[in-house]
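Colleague: I am new to this structure and would love a close look at one part of it. Could you walk me through it slowly, and then show me how the rest is arranged around it?

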Amino acid sequence: MNNGGSNRTKKICISAAVAALYVAFTLIARLMGLDSGMIQIRISEMLCVLPIFLPPSVIGVTAGCFLSNLLLSGNWLDILVGPLATLIGALGTYALRRWKWIAPMPAVLSNALIIPFVLAYGYGMEEAIPLMMLTVGLGELISVYGLGSYLIAKGNGIFKGLQC
């Protein structure tokens, strides 16, 4: 019996659910004033650890970032480049998934290295790019490792039935 169709459907559903969670968590961060700017802690970035356990979440976090930026920022550079930084980080996390505590580091690094340029050129922030690399990187560390550590620690049990 061929269950390729149901496996594909499962992957699409996982991607869509992760994207929806990303948008919801970004909206929560927006309400708390944490989602954007030079100092940002996007709660939704904790989902960047999911590629360790759920490969379809690479598309989910990327789509979620795109939708969040489309809905909340309206800045074309942020809408295009922000999801690219998330995609690079999620792909790196997936590539390093065998080392689950190191695997999320690409998400931190890609955002810390790319997003300051979006802030500088997309939003006209006059702050020094190296300083923004530090502040964005610290926010990513808080989100990805601080908040995402629970998902990393409990991931095999939480996501066991969702594996594709």
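In which helix is the place of Met132?

Modeller: Happy to help! Please keep in mind that this is a predicted model. Met132 has its place in helix α5, which covers residues 129-158. Because its relative accessible area is 0%, and anything under 20% counts as buried, Met132 is a buried residue.

What does Met132 touch there? Leaving aside neighbours within four places in sequence, Met132 is in contact with Met38, Pro116, Leu119, Ala120, Met125, Glu127 and Gly137. Take Leu119 from that list: Met132 and Leu119 are 13 residues apart in sequence, and their C-alpha atoms are 8.4 Å apart in space.

Two of those contacts, Pro116 and Leu119, take us to helix α4, made of residues 105-122. Helix α4 packs with helix α3, residues 76-95, at an angle of about 170°, and their axes lie 8 Å apart. An angle over 145 degrees counts as roughly antiparallel, so α3 is roughly antiparallel to α4. On the α3 side, the residues that meet α4 include Leu77, Val81, Ala85, Ile88 and Gly92. On the α4 side, the residues that meet α3 include Ala107, Ile114, Phe117, Val118 and Tyr121. By class, this contact of α3 with α4 has eleven nonpolar, eight polar and one charged residues.

Helix α3 also holds Leu87. With 25% relative accessibility, Leu87 counts as partly exposed. Not counting residues up to four places away in sequence, Leu87 touches Val58 and Thr62. Another pair to look for is Leu87 and Gln40, which are 47 residues apart in sequence and 19 Å apart in space, C-alpha to C-alpha.

Val58 and Thr62 lead us on to helix α2, residues 57-72. Both are among the buried residues of α2, as are Ser57, Gly60, Val61 and Cys65. Helix α2 has 16 residues and reaches 21 Å from its first C-alpha to its last, close to the 22 Å expected at 1.5 Å a residue. After α2 comes Gly74, which has a positive phi, near 75°.

The end of α2 also gives us a way to helix α1, residues 4-31, where Arg30 has its place. Leaving aside neighbours within four places in sequence, Arg30 is in contact with Asp35, Ser36 and Leu72. Arg30 is partly exposed, with a relative accessible area of 33%. Its C-alpha is separated by 11 Å from that of Leu71, and these two residues are 41 residues apart along the chain.

Now let us step back to the whole chain. It has five helices and zero strands, and along the sequence they follow the pattern α-α-α-α-α. The radius of gyration is 15 Å, close to the 15 Å that the globule rule gives for 164 residues, so the chain is as compact as a globular protein of that length. Along its principal axes, the C-alpha trace spans about 60 × 30 × 25 Å. Of the 164 residues, 46% count as buried, and Met132, where we began, is buried too. Finally, among contacts with a separation of 6 or more, 69% come from residues 24 or more positions apart.

Notes. Residues numbered from 1 in each chain as written. Predicted model: local features only at pLDDT ≥ 70, side-chain atom pairs only at ≥ 80, totals over all residues. Heavy atoms only, no water. Axes fitted to C-alpha atoms, helices over the stretch in contact; angles between N-to-C directions. Helix = DSSP H or I, 4+ residues; strand = E, 2+ residues; numbered from the N terminus. Parallel < 35°, antiparallel > 145°, perpendicular 65-115°, else oblique. Contact = heavy atoms within 4.5 Å. Nonpolar A, V, L, I, M, F, W, Y, C, P; charged D, E, K, R; others polar. Expected span 1.5 Å × (residues − 1). Buried < 20%, exposed > 50% of the residue type's maximum accessible area, 1.4 Å probe, protein only. Rg over C-alpha atoms; globule rule 2.2 N^0.38 Å.
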